[in-house]
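The following exercises are to be worked with the sequence and the three-dimensional model at hand. Each task is followed by a solution in steps.

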Amino acid sequence: AAPVMLSRFRGALVGSVLGDCIGGEFEGAVDVPLDRVLQHLSALEDETRGDGILLYSDDTAMMRCVADSLLTRMAFDERDMARRFAKEYNLAPDRGYGSGVIQVLRKLASPHLKDVFQPAQAQFGGRGSFGNGGAMRAAPFALAFRSRNDVRKYSRLGAMLTHSCSLGYNGAMLQALAVHLSLQGALALPKEFINKLISEMEEMEKDETAQLDAKALNLSDFPYCSRLHRVKELMDRNGVSIEEVISELGNGIAALQSVPTAIFCVLHCLEPRDGLPDQFGGLERTIAYSLALGGDTDTIACMAGAIAGAHYGIDSIPQSWQMSCEGVAEADDLAHRLYDLYCLPQFEE
Ligand code: F2R
Ligand code: MG
Ligand code: MG
């Protein structure tokens, strides 16, 4: 079982980086025809392009900070993680960060800051961000902690360093739990997988703050549960169109409009699909499909790539894709080290 698990860890982080790098091409595009996606993907086979040509964005930059912090501290340490976010932003501010979060990252750089959660709480008039920036970097929490309780607890706190709105941090918990379940092989039973995520979110969305946030934003009482129920309905439908997926689930920069969408991409692509090349394996299908939705493609592909990579493992990822993307070797190294951490006895449930 150990080599299988290590392969899943590597698949999760490399899949996440690949989704970010490959998906960056279409971020913000409204309409992405499938043949443009396939053209973009087949260009990755071109050996004359050179290695690492597709650069990673904020999604990977912040994911690496999360992983580095968990590995160095061998625990969740909010001050250390916050310091790494701020330092990374200062070193490379042009990685395509959200326009709101950069204010948090600047404040986190202050050596006088007492409460590292405070800058996030001041965002958007005190409501906090509901963007998907907490979710896009959540995968390492699933790789560092064995216990589901720890995955829940620390992915939430890790997201709250920049996203204090419950829609933001609940999206991060959902993404971390999806990777956690996928690592355990739960995607072998897709219906059970989605049902487990729905019951997890039922617990989280019972919370009074979640209920108040949903009301203030004119959303239904259990917004994530309701999107996940839509995922389940779409899974049962034959021939669901890209337009239906976008209108039912969304493809935007808000966590609510992108985390359930990424989960749907993975579930939908467990089987071969019309329009996607027969020679594609499940991970390739997942990334291709995520791009074809348009909108926040780097982040949806990054999150779907992490969940799918945890299911299919590293061997499912074409070498040419890996060689085309910046930061793959580093992500692979982080995955190896997180696996070693995960195997330590004190991290057992
Ligand atoms: N930033 C990008 N891509 C460029 C898209 C530009 C876009 N017009 C923009 O709004 O920035 N990609 C990267 O950002 C996403 C992750 O963002 P993150 O870390 O969540 O940032 P932020 O700033 O906290 O939230 C993003 C935007 O969401 C809206 N928003 C969030 N909370 C809000 C609230 N409570 N009220 C109103 N609006 C809220 C704002 O427009 C934020 O700027 C990923 O896609 C990553 O790839
Ligand atoms: Mg990005
Ligand atoms: Mg994005």
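**Exercise 1. Determine which atoms of the protein lie close to oxygen atoms of ligand 1, and how much of the ligand the protein covers.**

Solution. Begin with the backbone: in this predicted model, a backbone N or O atom of Gly133 is 2.9 Å from an oxygen atom of ligand 1. Proceed to the side chains. His163 places a side-chain N or O atom 2.6 Å from an oxygen atom of the ligand, and Thr299 has a polar side-chain atom at 2.9 Å from an oxygen atom of ligand 1. Finally, consider the area: on its own, ligand 1 has 840 Å² of accessible area, of which the protein covers 73%.

**Exercise 2. Locate ligand 1 in the protein and identify which residues come nearest to it.**

Solution. Ligand 1 occupies the largest pocket. There are 23 residues around it, and those that come nearest are Asp59, Gly100, Ser129, His163 and Asp296. As to secondary structure, helix 3 and helix 16 each contribute at least two residues to the shell around ligand 1.

**Exercise 3. List the donors of the magnesium ion (ligand 2), and state which parts of the chain are tied together.**

Solution. First, collect the donors: Ser57 (OG), Asp58 (OD), Asp59 (OD) and Asp298 (OD) coordinate the magnesium ion (ligand 2) at 2.1 to 2.3 Å. Second, read their order along the chain, where the spacing is S-D-D-x238-D. Third, place the residues: Ser57 belongs to the loop between helix 2 (34-42) and helix 3 (58-73), whereas Asp298 belongs to helix 16 (residues 297-312), so the pair ties together parts that are 241 residues apart in sequence. Fourth, look for a neighbouring ion: the magnesium ion (ligand 3) is 3.7 Å from the magnesium ion (ligand 2), and Asp298 coordinates both.

**Exercise 4. Decide whether Ser57 and Asp298 are buried or exposed.**

Solution. The cut-off for a buried residue is a relative accessible area under 20%. Ser57 has 12% and is therefore buried. Asp298 has 2% relative accessibility, so Asp298 is buried as well.

**Exercise 5. Describe the position of Arg95 and the contacts of its side chain.**

Solution. Arg95 is found in the loop between helix 4 (78-91) and helix 5 (101-108). Its relative accessibility is 18%, so Arg95 counts as buried. The side chain of Arg95 extends to the backbone oxygen of Tyr56 at 2.9 Å. The side chain of Arg95 is also joined to that of Glu326 by a polar contact of 2.9 Å.

Technical notes. Residues are numbered from 1 along each chain as its sequence is written. Chains are lettered from A and ligands numbered from 1 in the order in which they are written. This is a predicted model: local features need pLDDT of at least 70, side-chain atom pairs count only at pLDDT 80 or more; totals for chains, interfaces and linings use all residues. Side-chain values use heavy atoms; hydrogens and water are left out. Donors are N, O and S atoms within 2.8 Å of the metal (3.2 Å for Na, K and Ca); water is not among the atoms, so sites may look incomplete. Helices (H or I, at least four residues) and strands (E, at least two) are DSSP runs, numbered from the N terminus. Buried means under 20% relative accessible area, exposed over 50%, partly exposed in between (1.4 Å probe, protein chains only). A residue is near a molecule or strand if one of its heavy atoms lies within 4 Å of it. A polar contact is a pair of N or O atoms within 3.5 Å; within protein, one must be able to donate a hydrogen and the other to accept it, and residues adjacent in sequence count only if both atoms are side-chain atoms. Accessible areas come from the Shrake-Rupley method with a 1.4 Å probe; for residues, only the protein chains shown count as cover. On a 1 Å grid over the protein atoms alone, a cavity is a set of points where a 1.4 Å probe fits but cannot get out, and a pocket is an open set with protein on both sides within 12 Å along at least five of seven lines; lining residues have an atom within 4 Å of a point. A molecule sits in a cavity or pocket if more than half of its atoms lie within 2 Å of its grid points.
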